[in-house]
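Work through the exercises below with the sequence and the model at hand. Each task is followed by a solution in steps.

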Amino acid sequence: MKLKFNINKKRQILIIAVCLFFMAGIVVGSIFARGLFGEKIMDILPESSFENGKMSFLPLNEAFLKNVFFSAVIWFCGFASFGVVFIAGIIFLKAMSYGYAVSIVIRAKGLGFAALAFLPQAIIIVPVYILMACVAISYIKEKNFNKIPIKRLKREKSRMFTEYVIIFASAAILIFLASLIESCFVPFFIGN
C-alpha cells in the first residue's frame, strides 16, 4: 500500500512540475506581449485583420499537423534519457507562444473573443501536451531506472512501449478533434 502511495505522490509531483513550467511559459509570453515586442506587433498588424470579428483560422490539416507535431516531438523525446530537458523546454516555449498569442488577441479584440478563439486549445490541446509530457518523462524514468529482473525485462519493455504508443495515438485523436473544432466550429461561432 505504501508503494502505491509513493507512486501516486511522484506522479502528482510530476504533473505539478509540468504545469508550473507551462504556467511560467504563459506568464513570460504575456510579459513579452505587454512589453516592447507587443507594441511592435500591434503596430505591424493591419487594422483590417481584426475588424468586424474577422480573424483567420488554419484549415483542418494545417491545424492538426501543427498541433500533433509538438505532441510527436514530446513523444520522441521520451526515447532519450536526456529528453526530460527537451520536454521541459518544449512545454515552456509552447506555453510562451500561447501566452503571447492570447495577450495580443485580448489587446486587439477583448477577453470574450480571445476566450472563444482559444477554447479548443485551452480545453483539449493544452491538457494533452501536459499529459504527454508527464507520460514521456515517466517513460524515460521507467525505461532507464526500473529494476526489472532479466527474465521479465524484454516482456516489460515491450508492454511499456505498447502502452506508450497507445497513449500517443489517443493524444493524436484528441488533437484531431480539437483541430476540427478549432478550424470548423470556432470560426462559425465567432462569425468568420
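**Exercise 1.** In this predicted model, decide whether F76 is buried, partly exposed or exposed.

Solution. The relative accessibility of F76 is 53%. The exposed class begins over 50%, so F76 counts as exposed.

**Exercise 2.** Locate F79 and assign its exposure class.

Solution. F79 sits in the loop between α3 (60-77) and α4 (83-109). Its relative accessible area is 31%. Partly exposed covers the range between the buried limit of 20% and the exposed limit of 50%, so F79 is partly exposed.

**Exercise 3.** State which surface patch F76 and F79 help to make.

Solution. F76, F79, F161 and V165 make a nonpolar surface patch of about 350 Å².

**Exercise 4.** Classify the ring pair F69 and F70, then the pair F76 and F79.

Solution. A pair of aromatic rings is described by the distance of the centres and the angle of the planes. The model has 14 aromatic pairs. In one of them, F69 and F70, the centres are 5.5 Å apart and the planes make 75 degrees. Angles over 60 degrees count as edge-to-face, so the F69 and F70 pair is edge-to-face. F69 is partly exposed at 49% relative accessibility, and F70 is partly exposed at 26%. For F76 and F79, the centres lie 6.3 Å apart and the planes are at 45 degrees, so this pair is tilted.

**Exercise 5.** Which residues do ring pairs link into a cluster?

Solution. The cluster linked by ring pairs consists of W75, F76, F79, Y139, F161, Y164 and F168.

**Exercise 6.** Find the ring whose face K94 lies over.

Solution. K94 is placed over the face of Y98, 5.2 Å from the ring centre.

Conventions:
Residues are numbered from 1 along each chain as its sequence is written. This is a predicted model: local features need pLDDT of at least 70, side-chain atom pairs count only at pLDDT 80 or more; totals for chains, interfaces and linings use all residues. Side-chain values use heavy atoms; hydrogens and water are left out. Patches are made of residues with over 30% relative accessible area and no salt bridge: like charges are joined within 9 Å, nonpolar side chains (Val, Leu, Ile, Met, Phe, Trp, Tyr) within 5 Å. Accessible areas come from the Shrake-Rupley method with a 1.4 Å probe; for residues, only the protein chains shown count as cover. A salt bridge is a side-chain nitrogen of Lys or Arg within 4 Å of a carboxyl oxygen of Asp or Glu. Helices (H or I, at least four residues) and strands (E, at least two) are DSSP runs, numbered from the N terminus. Buried means under 20% relative accessible area, exposed over 50%, partly exposed in between (1.4 Å probe, protein chains only). Rings of Phe, Tyr and Trp (its six-membered ring) pair if their centres lie within 6.5 Å; planes under 30 degrees apart count as stacked, over 60 as edge-to-face and the rest as tilted. A charge sits over a ring if NZ of Lys or CZ of Arg is within 6 Å of the ring centre and within 35 degrees of the ring normal.
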